[in-house]
Amino acid sequence: MKFESETAVKAFLVFGCLLALCSPGGCNIVVNEFELSPPDDTTIWVELYNTADEAVNIDGWMIKIADEAWEGPIYLEGSIEPRGFLAVDGQESWMTTGNGTVYLYDASGAEVDKTPQHGDNEHNDFTYGRQPDGKDTDTRADFGYTMASKGRSNGSGA
Ligand SMILES: [Ca+2]
Ligand SMILES: [Ca+2]
């Protein structure tokens with residue numbers, strides 16, 4: 001009986017975590033575009049997109065960029081408007097080694113989004129972006145490699 005009750009508690013906790021992950025509005029924010037290999041010596045950046053029809057508060061949220069050689073956090077505050085974009089910069093010292101993954105965590109530390117690992121060592125104006133904005137099937141095909149559109153729509157990709 002003890003085993004059964006522990007299982008029930010675990011199931012409840014998992015269910016509770018799933019609920020927490022998706023509220024309030026957390027599941028509506030995606031990493032929409034990222035530039036880990038900028039031209040010249042400019043700064044890497046990440047663009048978020050709110051797919052919902054209501055603003056989402058991101059106080060206490062954090063982006064983590066994980067390169068093969070380093071990890072860098074970007075701390076977030078404020079809110080993102082409905083269907084709105086927010087672009088945030090990394091630090092100048094962060095230099096890609098060619099492969100990066102971008103994570104997004106909410107204020108509770110729950111993972112809201114994670115991009116596939118994308119290799120990019122071209123140092124040009126092209127970036128990886130969801131096309132269309134917010135496309136999220138959890139596959140690499142969500143992202144195209146096209147001209148940067150920092151803080152605005154990625155376009156259709158057509
Ligand atoms: Ca680039
Ligand atoms: Ca964009």
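**Figure 1. Who does Val-46 touch in this predicted model?** Skip the neighbours within four places in sequence, and Val-46 is still in contact with Val-31, Phe-34, Ile-63, Ile-65, Ile-74, Val-88 and Val-102. Val-46 is also part of something bigger: it is among the residues with the most contacts inside the largest nonpolar core, along with Ile-29, Val-31 and Leu-48. That core has 22 residues. Strand E1 (29-35), strand E2 (45-50), E4 and E8 are the elements that give two or more residues to it. As a bit of background, nonpolar side chains in soluble globular proteins tend to be buried together.

**Figure 2. Five strands line up in an open sheet.** Read across the sheet and you get the order E7-E2-E1-E11-E12, with antiparallel pairing. At the edges sit strand E7 (85-89) and strand E12 (143-147), and each of them pairs on one side only. Going from one strand to the next, the twist averages 25°. Now look at the E12 end: strand E11 (residues 126-130) and E12 pair in the antiparallel sense over five bridges. Here you can spot Gly-129 standing opposite Gly-144 in E12.

**Figure 3. A cis peptide bond shows up between Gln-131 and Pro-132.** Omega is about 0° for this bond. Pro-132 has its place in the loop between E11 and E12. For background, most peptide bonds are trans.

**Figure 4. Arg-83 has a positive phi.** The angle is near 55°, and Arg-83 is not a glycine. You'll find Arg-83 in the loop between strand E6 (79-80) and E7. Is Arg-83 buried or partly exposed? It counts as partly exposed because 14 other C-beta atoms lie within 10 Å, while a buried residue would need 20 or more. As a general habit, most residues other than glycine have a negative phi.

**Figure 5. His-123 has a positive phi too, with a value near 50°.** Like Arg-83, His-123 is a residue other than glycine. His-123 belongs to the loop between strand E10 (118-119) and E11. How exposed is His-123, and why? With 13 C-beta neighbours inside 10 Å, His-123 comes out as partly exposed.

**Figure 6. Ala-69 and Thr-97 meet across the sequence.** Count along the chain and these two are 28 residues apart, yet in space they are 6.8 Å apart, C-alpha to C-alpha. Ala-69 is in the loop between strand E4 (62-67) and strand E5 (71-75). Ala-69 counts as exposed because it has 11 C-beta neighbours inside 10 Å, and the cut-off for exposed is 12 or fewer.

**Figure 7. Met-95 and Leu-36 are another pair of this kind.** They are 59 residues apart in sequence and 7.9 Å apart in space, again from C-alpha to C-alpha. Met-95 sits in the loop between E7 and strand E8 (99-105). Since 14 other C-beta atoms lie within 10 Å of Met-95, this residue is partly exposed.

**Figure 8. Zoom back out to see the chain that holds these details.** How many helices and strands does the chain have? There are one helix and twelve strands, and the helix comes at the N-terminal end of the run of elements, with the strands following. Buried residues make up 28% of the 158 residues. Of the contacts with a separation of 6 or more, 58% are between residues 24 or more positions apart.

Definitions and conventions
Residues numbered from 1 in each chain as written. Chains lettered and ligands numbered in written order. Predicted model: local features only at pLDDT ≥ 70, side-chain atom pairs only at ≥ 80, totals over all residues. Helix = DSSP H or I, 4+ residues; strand = E, 2+ residues; numbered from the N terminus. Contact = placed C-beta atoms within 7 Å. Pairing = 2+ DSSP bridges. Axes fitted to C-alpha atoms, helices over the stretch in contact; angles between N-to-C directions. Core = buried A, V, L, I, M, F, W, Y, C linked by C-beta atoms within 7 Å.
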